[in-house]
Amino acid sequence: MFILYKNNILNKASITMKVVCPSVQKSIDCTAFDRCNSLKEFVITSYNPYSISLSNGTQFSLSKDAIIYVPKGCVNKYKTSTIWAQYADQIREME
């Protein structure tokens, strides 16, 4: 992910960010990860794939390289949910 410096938008800095979703229902704007093309891991602790809703009903724009970790025993729930199905190949079970 790049951060643009306030005084000069041409200067960029690279940061590492680990996203951990809480176990309670949350709404995330579908554009929240548009500029996070280097995001490597997305950790979701909720057993319910629908606990994270998208604010305008569209899809996330996660990189094809991002691995999505979900709780043990929930992989199939996430792979078949309407929000996460497009990332089925990227969904892994946490150990």
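This section describes the fold, the nonpolar core, the aromatic pairs and two buried polar residues of a predicted model.

The chain averages a pLDDT of 74, and 53% of the residues score at least 70. Over residues 1-5 the pLDDT stays under 50; for this segment the model nevertheless has 22 contacts beyond four places in sequence. In terms of secondary structure, the chain has one helix and eight strands. Their order along the sequence follows the pattern β-β-β-β-β-β-β-α-β, with helix 1 spanning residues 75-79 and strand 8 spanning residues 91-93.

Several totals characterise the chain as a whole. Of its 95 residues, 35% are buried. The accessible surface comes to about 6200 Å², and carbon and sulfur atoms account for 51% of that area. Among contacts between residues at least 6 apart in sequence, 59% join residues at least 24 apart.

The largest nonpolar core has 14 residues, of which Ile44, Ile68, Val70 and Trp84 touch the most other members. At least two residues of this core are supplied by each of strand 5 (41-44), strand 7 (67-70) and helix 1.

Trp84 also takes part in the aromatic pairing. The count of aromatic pairs comes to three. One of them joins Tyr78 and Trp84, with 6.1 Å centre to centre and 55° between the planes, a tilted arrangement. The pair formed by Trp84 and Tyr87 has ring centres 6.4 Å apart; its planes meet at 55°, which is over the 30 degrees that bounds stacking and not over the 60 required for edge-to-face, so this pair is likewise classed as tilted. Ring pairs link Phe42, Tyr78, Trp84 and Tyr87 into a cluster. Tyr78 has a relative accessible area of 0% and is therefore buried. Trp84 is also buried, with a relative accessible area of 0%. Burial extends to both members of the second pair described, Trp84 and Tyr87.

Two polar residues located in loops are also buried. The first to be considered, Ser46, is placed in the loop between strand 5 and strand 6 (52-54). Its relative accessibility is 4%; because the limit for burial is 20%, Ser46 counts as buried. The side chain of Ser46 makes a polar contact with the side chain of Ser51 at 2.8 Å. In addition, a polar atom of the Ser46 side chain lies 3.1 Å from the backbone nitrogen of Asn48. The contacts of Ser46 thus involve a side chain, that of Ser51, and a backbone atom, that of Asn48.

The other residue, Gln90, lies in the loop between helix 1 and strand 8. With a relative accessible area of 9%, Gln90 falls under the 20% limit and is therefore buried. A polar atom of the Gln90 side chain lies 3.4 Å from the backbone oxygen of Lys64. Lys64 also appears among the residues in contact with Gln90 once neighbours within four places in sequence are left aside; these residues are Ser63, Lys64, Asp65, Ala66, Ile67 and Ile68. Of these partners, Ile67 and Ile68 fall within the range of strand 7 (67-70). Ile68 is, in turn, one of the residues that touch the most other members of the largest nonpolar core.

Terms used:
Residues are numbered from 1 along each chain as its sequence is written. This is a predicted model: local features need pLDDT of at least 70, side-chain atom pairs count only at pLDDT 80 or more; totals for chains, interfaces and linings use all residues. Side-chain values use heavy atoms; hydrogens and water are left out. pLDDT is the predictor's confidence in each residue, from 0 to 100. Contact means heavy atoms within 4.5 Å. Rings of Phe, Tyr and Trp (its six-membered ring) pair if their centres lie within 6.5 Å; planes under 30 degrees apart count as stacked, over 60 as edge-to-face and the rest as tilted. Buried means under 20% relative accessible area, exposed over 50%, partly exposed in between (1.4 Å probe, protein chains only). Helices (H or I, at least four residues) and strands (E, at least two) are DSSP runs, numbered from the N terminus. A polar contact is a pair of N or O atoms within 3.5 Å; within protein, one must be able to donate a hydrogen and the other to accept it, and residues adjacent in sequence count only if both atoms are side-chain atoms. A nonpolar core is a set of buried Ala, Val, Leu, Ile, Met, Phe, Trp, Tyr and Cys residues joined through side-chain atoms within 4.5 Å. Accessible areas come from the Shrake-Rupley method with a 1.4 Å probe; for residues, only the protein chains shown count as cover.
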